[in-house]
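Here's a structure worth a slow walk-through. Take a look at it first, and then we'll go through it piece by piece.

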Amino acid sequence: MTRIVIIGGGPGGYEAALVAAQLGAQVTMVEQDGPGGACVLTDCVPSKTLIATSVRKQALLDAPGLGISFDGGPDGEPGTVGVDLPLVNKRVKELAQAQSADIATRVEAEGVEIIKARGRLVDPQVVRAGDRTIRADVVLVATGATPRVLPGAEPDGERILNWRQLYDLEELPEHLIVVGSGVTGAEFAGAYRSLGAEVTLVSSRDRMMPNEDADGAEVLEEVYRRRGMNVMGRSRASSVKRTDDGVVVTLEDGRTAEGSHALMTVGMIPNTTGIGLEEAGVQLDRGGFIKVDKVSRTSAPGVYAAGDCTGVLMLASVAAMQGRIAVWHALGEAVQPLRLATVASNIFTDPEIAAVGVAQRAIEAGEIEANVVKLPMATNARAKMQGFNDGFVKLFCRPHTGIVLGGVVVAPRASELILAVSVAVQQRLTVDQLAHTFAVYPSLSGSITEAARRLMQPEAAIGI
């Protein structure tokens, strides 16, 4: 029986453990924090729970536009929508723990041994887990990553925070300054603005989320400004300091921004130091990420890696697929190498931004020839009924064959809507096939089939 040891219990680790156990391997998973790892306990699950709460509150704030009002305010005026932050955070933490417990139950039911300890490689076939030494035929490293610390802006857990420290706050920040306007910064900035905090988003680039679809980022920034957020572009932070009653953020151009709290969202660093990787012959890149090939192999024989510690794409879905691919390959199963072109991603803002396949910037740069159609969500009947005026559906296809190359959806629950486009990209469907698929009327997904019908026209051209 093949013995597999997995260091790390996040999506890359526990999904690999499930596959390995189902294929008959003897599996041990070493995780120091708990099943699910940081993804479930401190990062993805807690943040998306908080965001779901903020979206619910924003819906209440927007309800008067649909003719719904709240009684209970002074002199008969509509009452305000309050937030009990300790209760919100309590629910966030409890949900994360419950999800971790569910994962533990599922994994252990498959016969996987879970060791709560810090794991490290002694050599490519030996893992040290606490006071135990375990020999393995195959080792999978899935140790994740940690929030990067900006020199001069070290989190103190009280006023200067990373996102893992937010859930200990007793009160909603009066004025939250979010440093970093990537996906994480944009998500938390939107959530806390909807919950009622004054928010300033500090972006070092011309626009927020510079690596994402430009049209989607533009829509979101417009929504944020309309909701009262201060978005500061071209504003790289050089330091963050505590004051007597808050924080002051100093920008490289000498300007300052003052608030009650600062949230640092300036990237991630891999958890690859001090666990014996280089001593075991596992090569790291200049950023400390583990170098892997398309089937998750490292440079050390029998050692694989998956998830954020590889820096391939920091998504839970990618980590899970890397872990599964590693196990399938190690156990001699038929396996398809990881195809990043088919990865669907989502930004859990309000509205959400989901994408799959080629990016428009590649089309505009001439790297890929494609026809493009963009339909505003405001023309969708279901969106009108629900009062959603922001967002769009954008679809890309090859000019002659009509094969779907990708798309972007900016809408509520875009994370669900993108699946249709993702299936089309994965299965190499054409816009004709997508257009002939029935969509419910009225539905937001109807805009996807409508975009496909537009691309069926011979005069469809590159551009929007």
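What follows starts with how far to trust the model, then visits its cavities, and ends with an annotated stretch of the chain.

First things first: this is a predicted model. How confident is the prediction, going by the mean pLDDT of the protein chain? That mean comes out at 95, and 96% of the residues reach 70 or more. There is a patch to be wary of, though. Over residues 459-464 the pLDDT stays under 50, and the model gives that stretch 16 contacts beyond four places in sequence. Take those contacts with the caution that such a pLDDT calls for.

Now let's go inside. How many cavities of 30 Å³ or more does the structure hold? There are two, and we can visit them in turn.

The largest cavity contains about 50 Å³ of space. Which parts of the chain wrap around it? Start with Ile51, Ser54 and Val55, which are among the lining residues. Further along the chain, the lining also includes Glu187, Gly190, Ala191 and Ser194. Tyr224 and Arg227 join in as well, and Phe348, Thr349 and Asp350 complete the list. In terms of helices, α3 (44-62) and α5 (183-195) each bring at least two residues to this lining. The largest share belongs to α5, with four residues.

What sort of residues are these, chemically speaking? It's a mixed bunch: five are nonpolar, four polar and three charged. The lining is mixed in another way too, since domain 1 (3-146 + 269-340) and domain 2 (160-266) each contribute at least three residues to it.

On to the second largest cavity, which holds about 30 Å³ of space. Its lining is made up of Ile4, Val138, Leu140, Tyr304, Ala326, Val327 and Ala330. Here a strand and a helix do the supplying: β7 (138-141) and α7 (316-330) each give at least two residues. The largest share, three residues, comes from α7. And the chemistry? This lining has seven nonpolar residues, with no polar and no charged ones.

Finally, let's turn to a stretch that carries a label. An unreviewed UniProt entry places the feature "domain: Pyridine nucleotide-disulphide oxidoreductase dimerisation" at residues 344-452. What does the chain look like over residues 344-452? It is 33% helix and 28% strand, and the C-alpha atoms at its two ends sit 18 Å apart. If you want to connect this with the earlier stop, look back at Phe348, Thr349 and Asp350, which help line the largest cavity.

Methods
Residues are numbered from 1 along each chain as its sequence is written. This is a predicted model: local features need pLDDT of at least 70, side-chain atom pairs count only at pLDDT 80 or more; totals for chains, interfaces and linings use all residues. Side-chain values use heavy atoms; hydrogens and water are left out. pLDDT is the predictor's confidence in each residue, from 0 to 100. Contact means heavy atoms within 4.5 Å. On a 1 Å grid over the protein atoms alone, a cavity is a set of points where a 1.4 Å probe fits but cannot get out, and a pocket is an open set with protein on both sides within 12 Å along at least five of seven lines; lining residues have an atom within 4 Å of a point. Grid points are joined across faces, edges and corners, and a volume is the space filled by probe spheres set on the points. Ala, Val, Leu, Ile, Met, Phe, Trp, Tyr, Cys and Pro count as nonpolar, Asp, Glu, Lys and Arg as charged, and the others, Gly among them, as polar. Domain bounds come from an automatic or database domain assignment. UniProt positions are given in the numbering used here, feature names are shortened, and annotations may be inferred rather than shown by experiment.
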